[in-house]
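This report introduces selected local features of one protein chain to a reader who has not met it before. The sequence and the structure are shown first, and the description follows.

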Amino acid sequence: DKKAVVNGGDVVIIAARSGMGKTTLSQNIFSHIAQYEEGTAVYFSIEMSTKDLTARLYADKSNITMKKAFTGKDLSNDDWDGIMEGAKLSQQLDFRIDDRSQITIGQMRSMLNKTKQETGKISAVFVDYLQLITPSNPNDMRERQVSLISAGLKAIAKDFDCPVFALSQLNRSLESRPN
């Protein structure tokens with residue numbers, strides 16, 4: 001059964017240290033939702049370009065490794081066929097990517113409203129990553145900024161009746177502890 005286990009109005013935080021696969025996990029969920037759920041999946045990528053995200057999506061759909069996809073080395077004819085098939089499959093998915101490096105909750109909401117008007121429904125929203133969202137008041141304490149951003153994401157989830165997946169970078173200071 002390909003039915004989602006996350007409901008509209010839910011906010012899911014995917015948190016880990018840098019380089020642990022948060023973006024890859026979120027893209028796998030994003031791809032699945034874009035393929036199987038009604039509506040348009042939207043990915044706000046504050047850190048990575050649309051070109052890179054699309055290449056990762058093609059690689060996933062073509063069943064080749066990311067290393068091969070990004071370097072282009074050691075690609076066989078079967079790999080190239082897979083890439084072409086992956087590109088064709090990816091183009092059939094209902095999704096949008098917004099890769100602005102600075103974006104506020106208000107700008108996200110505006111883009112989602114426009115997308116909903118054009119396509120009828122938002123199936124899911126992804127934010128990569130939470131700490132890079134531009135706060136509405138940069139003079140607030142960081143804790144308050146993150147709290148307001150989190151509340152804004154929850155409001156988006158409720159107002160658009162879709163799940164919101166937000167990636168979060170965990171602090172590396174734990175790695176410096178002796179035990």
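## Helix 1 and a buried serine

Ser26 is placed in helix 1. The model described here is a predicted one. With a relative accessibility of 0%, Ser26 counts as buried, because the limit for that class is under 20%. Setting aside neighbours within four places in sequence, Ser26 is in contact with Ile14, Tyr43, Phe126 and Leu167.

## Helix 2 and its crossing with helix 1

Helix 2 comprises 13 residues, from 50 to 62. The distance from its first C-alpha to its last is 18 Å, close to the 18 Å expected at 1.5 Å a residue. Its buried residues are Leu53, Thr54, Arg56, Leu57, Ala59, Lys61 and Ser62. Just after helix 2 comes Asn63, which takes a positive phi of about 60 degrees.

The axes of helix 1 (residues 22-36) and helix 2 come within 11 Å and cross at roughly 70 degrees. Helix 1 is therefore roughly perpendicular to helix 2, as angles of 65 to 115 degrees are classed in that way. On the side of helix 1, the contact is made by Thr23, Thr24, Gln27, Asn28, Ser31 and Gln35. Helix 2 contributes Leu53, Arg56, Leu57, Asp60 and Lys61. By character, the residues of this contact divide into two nonpolar, six polar and three charged.

## Helix 5

Helix 5 runs from residue 105 to residue 119 and has 15 residues. From its first C-alpha to its last it reaches 21 Å, close to the 21 Å expected at 1.5 Å a residue. Within helix 5, the residues Ile105, Met108, Met111, Leu112 and Thr115 are buried. Seen down the axis of helix 5, these buried residues fall within an arc of 125 degrees, so they line one face of the helix. Lys114 and Gln117, on the other side of helix 5, are exposed.

Several elements cover the buried residues of helix 5, including strand 2 (40-45), strand 3 (95-98), strand 4 (122-128) and helix 6 (142-159). After helix 5 comes Gly120, with a positive phi near 100 degrees.

## Helix 6

Helix 6 has 18 residues and reaches 25 Å from its first C-alpha to its last, close to the 26 Å expected at 1.5 Å a residue. Gln145, Ile149, Gly152, Leu153, Ile156 and Ala157 are buried in this helix. They cover an arc of only 140 degrees around the axis, which puts them on the same side of helix 6. On the other side of helix 6, Glu143 and Lys158 are exposed.

The packing partners of the buried residues of helix 6 are strand 1 (11-16), helix 5, strand 4 and strand 5.

## Loops beside helix 5

Ile103 lies in the loop between strand 3 and helix 5. Its relative accessibility is 1%, and Ile103 therefore counts as buried. Not counting residues up to four places away in sequence, Ile103 touches Phe44, Ile46, Asp98, Met108, Ile133 and Thr134. One of these, Thr134, is 31 residues from Ile103 along the chain, yet their C-alpha atoms are separated by 5.4 Å.

Ser136 belongs to the loop between strand 4 and helix 6. This serine is exposed, with a relative accessible area of 69%. Ser136 and Ile105 are 31 residues apart in sequence, and the distance between their C-alpha atoms is 7.9 Å.

## Backbone exceptions

Most residues other than glycine have a negative phi, and most peptide bonds are trans. Two places in the loops on either side of helix 6 depart from these patterns. The peptide bond from Asp128 to Tyr129 is cis, with omega near 5 degrees. Tyr129 is located in the loop between strand 4 and helix 6.

The other place is Asp161, which has a positive phi of about 50 degrees although it is not a glycine. Asp161 follows just after helix 6, in the loop that leads from helix 6 to strand 5 (164-169).

Key
Residues numbered from 1 in each chain as written. Predicted model: local features only at pLDDT ≥ 70, side-chain atom pairs only at ≥ 80, totals over all residues. Heavy atoms only, no water. Helix = DSSP H or I, 4+ residues; strand = E, 2+ residues; numbered from the N terminus. Expected span 1.5 Å × (residues − 1). Buried < 20%, exposed > 50% of the residue type's maximum accessible area, 1.4 Å probe, protein only. Arc of directions from axis to C-beta. Contact = heavy atoms within 4.5 Å. Axes fitted to C-alpha atoms, helices over the stretch in contact; angles between N-to-C directions. Parallel < 35°, antiparallel > 145°, perpendicular 65-115°, else oblique. Nonpolar A, V, L, I, M, F, W, Y, C, P; charged D, E, K, R; others polar.
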